[in-house]
Structures are given as structure tokens and as C-alpha cells.
Amino acid sequence: MSLSYLPPIAFYQLMLKHKKVIFDIHENFHKQFYFNRCSIYGANGALKLSVPIKRNHKRTALKDVSIFYEQNWKTIHWRSIEAAYRRSPFFEYYEEDFRNIYLGGQVEKLMDWNLKLLGLVNKLLDVQIDISFTESYEKVHENIDDYRTLNVPKAESVPALKEIKYRQVFEEKYGFIPNLSTIDLLFCEGHYARQMLLG
């Protein structure tokens, strides 16, 4: 799989169906992919959050991508999450954990930022996932389920997964929005989220 920023629900469904997940940290970073972006449910519908990165004119492996800190993006992302989920049933249970990460110290590499948040979400969901990393880039992996194409937001190759339906904060205004960041499910369903992801 690709190592994404607060990955969508489908990522978690697939991770929990496997005993081991290998993150490809040697694949090239591409704009518009989930490497540095996620979607939450804001007051005006789906809201995309994007971590700014330092531009590099040549191809850069995910493991080498650095975060750009001249913008106050961490505070902006935290305020967006807070505004989106303040009224959700379980936000207050997880608020401090997320606030400490967003308002804490800087993390230089995008990979480390994504892993930090993934570790927190795993802990809050009470799931244990055996995680490892690729040692080099391979276009094709033999005898391994390859879900790297899920990192493309408009990918049509999403495996057939049961859609998880739950009550979203702004659903009455804009209807149900599927496959948002897993934090949408976590804040809305709390400890029930784990069982819903396991299906």
C-alpha cells in the first residue's frame, strides 16, 4: 500500500483484512495523490486538506519528501478538523491526542508525519497491524496484493468493499459522503468504528 495522510476508510478496510501491510516508501511522490492529502466532512461538504511539501524538480521517493513549513498549515488543518467534528459524538474523547500532534513540534519528512498519525489512529481504533516498508521500488510485486493504485483519489480500481454507512455530522445538509478520511468514522462512531471497519 501507499503511505497516505489520514487515509480513507477503504484503506483501513483493506489493511484490516490482511495480517501484514507493506508500505511502499520508494515509489515516487505525485501531486493530487493521497500521500499528502485527505478529505474530511466540513460545514460546506467534502473538505480537502493538503500538507505542503518542498518542491523538488526531479522525481522524489516518498521517503525523501520534506514538509514545507513556511505556511501555518498544521494550525489550519487542526482548526478545520475541530470545526468539522466539534459536534460529533466522540470528538471530545480523541481531541487532545490529535491536538497534541497538530500543535506539537515539527516533523521534517512527510513519511514520518503520516506514520505518526497512522499510529495514533491505530491506537484509538485498538488495532494491531504488522507494518513493514519496501527496500526498493518494484513496479510489480509477485504474490502480494498490490493496492498502491488506491492512492489515486479518482482510481477506478478500488476492490469491491462493503460501503460503511454511519451518521455524519453534516449529513442532513449534503447527504452521506463515502470513503472520507478514517477520522470521520472515528469521530462519529468512536469505539464502534473498529468493528465497522472489520465488517
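The following exercises, with worked solutions, concern a predicted model.

**Exercise 1.** Determine which residues of helix α3 are buried, and how they are arranged about the axis of α3.

*Solution.*
Step 1. Helix α3 covers residues 91-102, and its buried residues are F91, Y94, E95, F98, I101 and Y102.
Step 2. When α3 is seen down its axis, these buried residues fall within an arc of 140°, so they line one face of the helix.
Step 3. A general rule helps here: an α-helix has 3.6 residues a turn, so residues three or four places apart point the same way.
Step 4. On the other side of α3, the residues E92, Y93 and E96 are exposed.
Step 5. The cover over the buried residues of α3 includes α2 (73-85), α4 (110-125) and α6 (182-189).

**Exercise 2.** Classify the ring pair of Y41 and F170 as stacked, edge-to-face or tilted.

*Solution.*
Step 1. The model contains 16 aromatic pairs.
Step 2. For Y41 and F170, the ring centres are 6.1 Å apart, and the limit for a pair is 6.5 Å.
Step 3. Planes under 30 degrees apart count as stacked and those over 60 as edge-to-face; the planes of Y41 and F170 stand at 45°, so the pair is tilted.

**Exercise 3.** Establish where Y41 and F170 lie, and whether each is buried or exposed.

*Solution.*
Step 1. Y41 belongs to strand β2 (residues 37-42), while F170 is in the loop between β4 (130-133) and α5 (171-174).
Step 2. The pair therefore ties together parts that are 129 residues apart in sequence.
Step 3. Buried means under 20% relative accessible area. Y41, at 1%, is buried, and F170, at 9%, is buried.

Conventions:
Residues are numbered from 1 along each chain as its sequence is written. This is a predicted model: local features need pLDDT of at least 70, side-chain atom pairs count only at pLDDT 80 or more; totals for chains, interfaces and linings use all residues. Side-chain values use heavy atoms; hydrogens and water are left out. Buried means under 20% relative accessible area, exposed over 50%, partly exposed in between (1.4 Å probe, protein chains only). Helices (H or I, at least four residues) and strands (E, at least two) are DSSP runs, numbered from the N terminus. The arc is that of the directions from the helix axis to the C-beta atoms. Contact means heavy atoms within 4.5 Å. Rings of Phe, Tyr and Trp (its six-membered ring) pair if their centres lie within 6.5 Å; planes under 30 degrees apart count as stacked, over 60 as edge-to-face and the rest as tilted.
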